[in-house]
Amino acid sequence: MKKRKKRNSQNKIAMLSITFVVAVLFIAMMTKSLKLQQQISDYRTEIKAVESQMEEEKERTKEIDEIKERMDTDEYVAEVAREKLGLVKDNEIVFKEEEK
């Protein structure tokens, strides 16, 4: 009889120990899972920010391409020659304001 009680007592202790270990592992896994979920959320936010930045850069590239196309025209060359270099066409008359 004493052996049976001792064995039952040992079984209960073993079962409690196993239950404790399983509980600790479960808590550890849940904690890690929550951290991973937060990390995933942070990455999704970062992806949205990068995608937004990409759209802005695409728009900027489009504007630069439009400017580049405009710069290749004769009208632009003439405009720059007049504004920056002060050049005029053969039959044009230049009027200058008096400085005060």
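This report covers the overall form, surface, charges and salt bridges of a predicted protein model.

**Overall form**

The protein has two helices and zero strands. Its radius of gyration is 40 Å, well over the 13 Å that the globule rule gives for 100 residues, so the protein is more spread out than a compact globule. Along the principal axes, the C-alpha atoms fill a box of roughly 130 × 35 × 15 Å.

**Surface and charge**

Of the 100 residues, 1% count as buried. The exposed area is about 10,700 Å². Carbon and sulfur atoms supply 57% of that area. The protein carries 21 positive and 21 negative charges. The mean positions of these two sets are 36 Å apart.

**Salt bridges**

A search of the whole structure finds two salt bridges. The table gives the partners and the distance between their closest N and O atoms.

| Positive partner | Negative partner | Closest N and O atoms |
|---|---|---|
| Arg60 | Glu57 | 3.5 Å |
| Arg70 | Glu79 | 2.9 Å |

Arg60 and Glu57 share helix α1, which spans residues 2-71. They sit three residues apart, about one turn of the helix. Arg60 has a relative accessible area of 48%, so it counts as partly exposed, below the 50% cut-off for exposed. Glu57 is also partly exposed, at 39%.

The other pair joins Glu79 to Arg70. Glu79 is partly exposed, with a relative accessible area of 31%. Arg70 is partly exposed too, with a value of 43%.

Conventions
Residues numbered from 1 in each chain as written. Predicted model: local features only at pLDDT ≥ 70, side-chain atom pairs only at ≥ 80, totals over all residues. Heavy atoms only, no water. Helix = DSSP H or I, 4+ residues; strand = E, 2+ residues; numbered from the N terminus. Rg over C-alpha atoms; globule rule 2.2 N^0.38 Å. Buried < 20%, exposed > 50% of the residue type's maximum accessible area, 1.4 Å probe, protein only. Areas by Shrake-Rupley, 256 points an atom, 1.4 Å probe, with all protein chains shown as cover. Lys, Arg positive; Asp, Glu negative; His and termini not counted. Charge placed at Lys NZ, Arg CZ, Asp CG, Glu CD. Salt bridge = Lys/Arg side-chain N within 4 Å of Asp/Glu carboxyl O.
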